[in-house]
Amino acid sequence: MVDESKNIELTEDDLTNKSKGQLIKMAGQLRDRRNDLNQMASERASKRDDLNAKTREKVDEAQEHREQRDELNEQVQEHKEQRNELNAQANELFDKVEQLKSDMELDEGKDLEQLEDEIEQLEFKQQTEVLSSEDEKELIEKIESKREEYEQRKGKLEQNDDLEGLVDEAEEVRSEASQHHQKVTELADKAQEHHNQMIEAYREADDIRDEADEMHEKFVEAQEAADQHHEDFVRVQKRLRELDKEEEQERKSARDKKKEAAKEEAEEIYQKFKEGETLDTEDLMKLQKTGLL
């Protein structure tokens with residue numbers, strides 16, 4: 001802020017009643033204070049301009065982050081659309097797989113590995129346990145039934161190449177969809193980073209702009225004080241010119257009075273001269289100065 005205690009105040013009473021010497025001194029004080037305030041205003045304007053430049057830099061930085069964020073969000077949307085399309089295709093393929101399994105009656109009953117385990121357990125029991133003829137016969141029939149079921153299911157699977165191809169295709173499409181989903185996640189994270197950086201840059205720009213606004217207020221304060229001192233300096237200068245004119249008028253008036261008095265004296269001397277009185281050298285010189293001789 002401006003230190004008002006250093007300011008020079010000029011009143012109408014000062015202009016009217018102060019002597020010429022006092023006014024000359026005050027004019028010097030006003031001029032010096034004006035120059036100091038102008039320098040202060042200039043420095044504050046420079047700081048304000050620097051802060052405004054930094055504000056623009058931060059706004060530009062925020063705009064760059066905004067553009068990068070928007071570009072990344074566009075890419076996110078593209079990958080989302082591709083992911084959704086591929087997932088839809090994969091779902092259709094898996095539906096076809098299930099339909100084929102249903103048509104082949106593979107969707108019900110036990111899978112091959114489970115049947116293999118059951119057959120191995122029954123064969124182990126046959127080999128390790130002592131069974132009656134009736135129990136062993138029943139066990140053998142069960143083993144043969146399981147083997148037959150296993151071969152039937154295995155045959156159906158081996159004979160249907162379309163099912164395996166559909167499964168591979170569906171899994172491949174699903175894998176491709178997963179890759180797009182991963183890109184969605186990666187790009188969305190980057191977009192969020194740029195969004196956060198944009199917000200931070202705008203916040204910093206606002207803070208710096210507040211500093212610039214405050215510095216502008218300080219500049220205005222100093223400039224207005226400088227302008228006031230300049231106006232007062234001009235008023236004092238004007239008053240000094242008026243005093244100079246008054247003094248010159250007084251000197252002219254004094255010279256005129258002196259000249260008039262000298263003329264009157266010379267006329268008296270000249271009258272004496274005409275009347276025949278003797279004039280001394282000084283009287284003659286006075287007559288010559290007035291042009292009477």
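Here are some friendly notes on one buried arginine and on several salt bridges in this predicted model.

1. **Where Arg69 sits.** A good place to start is Arg69, which belongs to helix H2, spanning residues 20–103. Is this arginine buried or exposed? With a relative accessible area of 14%, Arg69 is buried, because the cut-off for that class is under 20%.

2. **What surrounds Arg69.** If you set aside the neighbours within four places in sequence, Arg69 is in contact with Ala191, His194, His195 and Met198. With His195 there is also a polar contact between the side chains, at 3.0 Å. You may like to display this pair first when you open the model.

3. **Salt bridges overall.** How many salt bridges does the structure hold? The count is 22. As general background, side chains of opposite charge can pair when their charged atoms come close. The next points go through a few of these pairs.

4. **Glu144 and Arg147.** These two side chains meet in a salt bridge, with an N to O distance of 3.5 Å. Both residues are in helix H4 (residues 133–159), and because they are three residues apart, about one helical turn separates them. Glu144 is partly exposed at 42% relative accessibility, and Arg147 is partly exposed at 36%.

5. **Glu200 and Arg203.** Moving on to helix H5 (residues 161–274), Arg203 and Glu200 are three residues apart there, so about one helical turn lies between them. Their salt bridge brings the closest N and O atoms to 2.5 Å apart. As for accessibility, Arg203 has a value of 40% and counts as partly exposed, while Glu200 is partly exposed at 34%.

6. **Asp206 and Arg209.** Helix H5 also holds Asp206 and Arg209, again three residues apart, or about one turn of the helix. Their side chains form a salt bridge at 2.8 Å, N to O. Which class of accessibility does Asp206 fall into? Asp206 counts as partly exposed, because its 40% lies between the 20% and 50% cut-offs. Arg209, at 31%, is likewise partly exposed.

7. **A shared network.** Beyond such pairs, which residues are joined into one network by salt bridges that share partners? The members are Lys20, Asp244, Glu247, Glu248, Arg251 and Arg255. When you look through the charged side chains, it may help to display these residues together.

Definitions and conventions
Residues numbered from 1 in each chain as written. Predicted model: local features only at pLDDT ≥ 70, side-chain atom pairs only at ≥ 80, totals over all residues. Heavy atoms only, no water. Helix = DSSP H or I, 4+ residues; strand = E, 2+ residues; numbered from the N terminus. Buried < 20%, exposed > 50% of the residue type's maximum accessible area, 1.4 Å probe, protein only. Polar contact = N/O pair within 3.5 Å; in protein donor to acceptor, adjacent residues only side chain to side chain. Contact = heavy atoms within 4.5 Å. Salt bridge = Lys/Arg side-chain N within 4 Å of Asp/Glu carboxyl O.
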